[in-house]
Amino acid sequence: MKLTGAQIFVETLAEQGVELLFGYPGGTVLNLFDALYESAGRVKWVLTADECGAAHAADGYARSTGRTGVVLATSGPGATNLVTGLATAHMDSVPLVAFTGNVSIGVLGLDGFQEAYIEGIAMPVTKHSVTVRRVEDLADTIRAAFRIAQSGRKGPVLVDIPKDLTTAVCEFTPRSPAAADTPPKPDAEALAQAAAVLNESKRPLVYFGGGVISAGAAPLLRQLVAKANLPAVHTLMAAGALRWDDPMNLGMLGMHGRYSANRAVEEADALLCVGARFSDRVALRPEGFARRARVVQIDIDESEIGKNVAADVSVPGDAAAALEALLPLLRPADRTAWMEDLRAWQAKDYRLRTEETFLQPHQILEDISSMAGEDAVYVTDVGQHQMWSAQYLHHTAPRQFLTSGGLGTMGFGYGAAIGAQLALGRQRRVVMLTGDGSFHMNLNEACTAVSYGLPIITVIFNNQVLGMVRQWQTLFYDHRYAATDPCRATDFVKVAEGFGLKGWRCETPQQFREAFQKALQEDGPVWIDCAIGKDEVVLPMIPGGGGLEDIIMT
Amino acid sequence: MKQTNVVTMLTENPNGVLGRIIALFGRHGVAIDSLSVSATAEQGISRITVTTLCGRPLTQLALQARRLVDIRQVTLLEGGARREVLEVKLCRCDDGLFDLARRYGAAVLTADDGCPVLECAHTPAALDALLAELEPWQVAELSRTVVAAPALHPAASWG
């Protein structure tokens, strides 16, 4: 059948299983939105406050479901507003397809109104970016974008569509959804070596990252640690792959990880790394990381193997396939001595006291965990509240803790929460945790939450300062608080009302529990503004480039 | 003399991928010494050859290049056959120049203005030596191509 480019766009999205996209209209995408309108809901759109929010929403949609998120923006500023969202998704390997309009082909490169060379701008922050130059190539380019986004190490793809393509006509033949490329099968010999390293080990440790969640390998990881009695530590991105209360889960490692988790890495004689990349927030000093251990590394991206820390055994491939093949090769073993050491180190972990007269971050998060239910999905912004959320929330399942780990994007949260809530449906509880600093970067998306009636509960850790940077200034800059004490007079309760949603302020744990309980009964978005002290710090902390001997616990 | 690293890549879309390759090397702080795009025996497939004098191991960079959607194979080369073509216009001509050309297997051509042009395909080191010997004939113009390095001696390859 003969269709216009705009119709082909919609037909191909529908064919690829896209039901929802996030976007913002503009001159060069008028025809695309018109074709969506014409499709009468086959592919629905969600209008956000800006394109940045749309990109984060598509990201939250993808992180919470594993499906590819889709965002549509106009040319020029619409396209450049996507860049932070693309970079965020790229760093955390989130499958995303971004569509941008552009000026017509004959005008490309001539500085037309709202022209930007987004294909080039997006190059270093996407897996792939492409400008479609013939309407005949449009459908296959879109299909390829979805295949690339979901293949191997997942990531964002940008497809730029010049405006004249959207009215050009050509023959369209529907196809079945693009299947992801089959990942290479993990090498049997490498797996046998990996099993030997772990079976011979007296002090084995699993170090797992977001790749486990991306590969859908969390159930296999749970089987593996249970079968072979393997204690495990995780990265920020992998919270929930093992339950927080799994006795084998030692918690998060790295800069703000537990003392016991970092000590375990230090003392382990074998380290099985699955879907993690030894980042500078984990391997703070890569040359000394896991220095007593033989390192086995499983990663779908071969360029990650040995990148920061040398691997003794490398297993390129899909984490689920590798763990499945490794499982029968591992022998159950008695780890009593090793577990006793680990329990002794856990007894030395950082502990906080409970107070009833003022609000403390850990208490807020523990209260949320006990009230929100096990299937609640948590979304964070970036800063102290993010680290506290990683440390103190009760993570029970994969894809229930959505956070910008690699890029560390303040202003990620509200858009991502909107995406997650729309993906999972109104019946799922979505809680957005943010700080007053981060929230000032994206609270404009409140209008979207109101428009769509999304019952997102936003908890603002309001210490009146840019807490994480201030913490560094306290510890490493002799209390010189440059640009972290903004003296803002924002009244979040009034701002909430101005947006047409409810906002409450809390100053004690009792007030917070009441407010959160009330929020759970609400049908629309709610903000809870929590007053916390400006000197609250995230501990423990190992300074960048430091080792366990540098850990700050008080 | 610093070690030259050679990375060769096969692609169906040299226009699309060239900027990405340059950005990748730039991000790693690896200065590109020469870069060429050339035909291969296979129709529609181009070879991109990058040489650097950085002296660092390039395995990780090569693996990242392999991740680029339009790259189908990446090979790191060491040693082996590496040739360049040198074209050099000289200010005067005599029998000595023909002797020198014979020793290097070079041809002596004549430019439109009547000046001699020496043309030689050889290893980079031999061309350096030839240039040094050409000094008495006074070099007027010089053009030297980048390295042509067929993957005869791959150190590592990812396809």
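Where in chain A is the place of Thr235(A)? I would like to start there, and I should say at once that what we are looking at is a predicted model. Thr235(A) sits in the loop of chain A that runs between strand S10, residues 232–234, and strand S11, residues 249–252. You might then ask whether this residue is buried or exposed. Its relative accessibility is 9%, and because buried means under 20%, Thr235(A) counts as buried. If we leave out residues up to four places away in sequence, the residues that Thr235(A) touches are Tyr207(A), Phe208(A), Gly209(A), Gly210(A), Met252(A), Leu253(A), Ala276(A) and Val282(A).

Let me set beside this a residue that belongs to a helix, namely Phe33(A), which is found in helix H2 of chain A, residues 30–38. Phe33(A) has a relative accessibility of 13%, and so it also counts as buried. Apart from neighbours within four places in sequence, Phe33(A) is in contact with Gly23(A), Tyr24(A), Pro25(A), Trp45(A) and Leu72(A). To give you a feeling for distances in this chain, Phe33(A) and Phe289(A) are 256 residues apart along the chain, and their C-alpha atoms are separated by 51 Å.

Now please turn to helix H22 of chain A, which covers residues 509–521 and therefore, at 1.5 Å for each step from one residue to the next, has an expected span of 18 Å. The helix has 13 residues, and the distance from its first C-alpha to its last is 19 Å, which is close to that expected value. Which residues of H22(A) are buried? They are Pro509(A), Phe512(A), Ala515(A), Phe516(A), Ala519(A) and Leu520(A). When we look down the axis of H22(A), these buried residues fall within an arc of 140 degrees, so they line one face of the helix. As for what they pack against, the partners in chain A are helix H15 (361–372) together with four strands, S17 (430–435), S18 (457–462), S19 (502–506) and S20 (526–531).

I would next like to introduce chain B, whose secondary structure comes to 4 helices and 9 strands. Read from the N terminus, the order of these elements is β-α-β-β-α-β-β-α-β-β-α-β-β. The C-alpha atoms of chain B fill a box of roughly 55 × 35 × 25 Å, taken along the principal axes, and of the 159 residues in the chain, 40% are buried. If we consider contacts in chain B between residues at least 6 apart in sequence, 74% of them join residues at least 24 apart.

That brings me to the interface, where 10 residues of chain B are in contact with 11 residues of chain A. The two chains bury about 950 Å² between them, and 54% of this area lies on carbon and sulfur atoms. Which residues of chain B lose the most area to chain A? They are Arg20(B), Arg67(B) and Val69(B), which together account for 55% of what that side buries. Arg67(B) deserves a second look, since its side chain meets that of Asp301(A) in a salt bridge, at 2.4 Å from N to O. Across the interface there is 1 salt bridge, and there are 3 residue pairs in polar contact, with both residues at pLDDT 80 or more. On the side of chain B that touches chain A, the elements giving two or more residues are helix H1 (14–27) and helix H2 (59–67) of chain B, and H2(B) gives the most, with 4 residues.

Note on methods: Residues numbered from 1 in each chain as written. Chains lettered and ligands numbered in written order. Predicted model: local features only at pLDDT ≥ 70, side-chain atom pairs only at ≥ 80, totals over all residues. Heavy atoms only, no water. Buried < 20%, exposed > 50% of the residue type's maximum accessible area, 1.4 Å probe, protein only. Arc of directions from axis to C-beta. Contact = heavy atoms within 4.5 Å. Buried area = accessible area lost by both parts, 1.4 Å probe. Salt bridge = Lys/Arg side-chain N within 4 Å of Asp/Glu carboxyl O. Polar contact = N/O pair within 3.5 Å; in protein donor to acceptor, adjacent residues only side chain to side chain.
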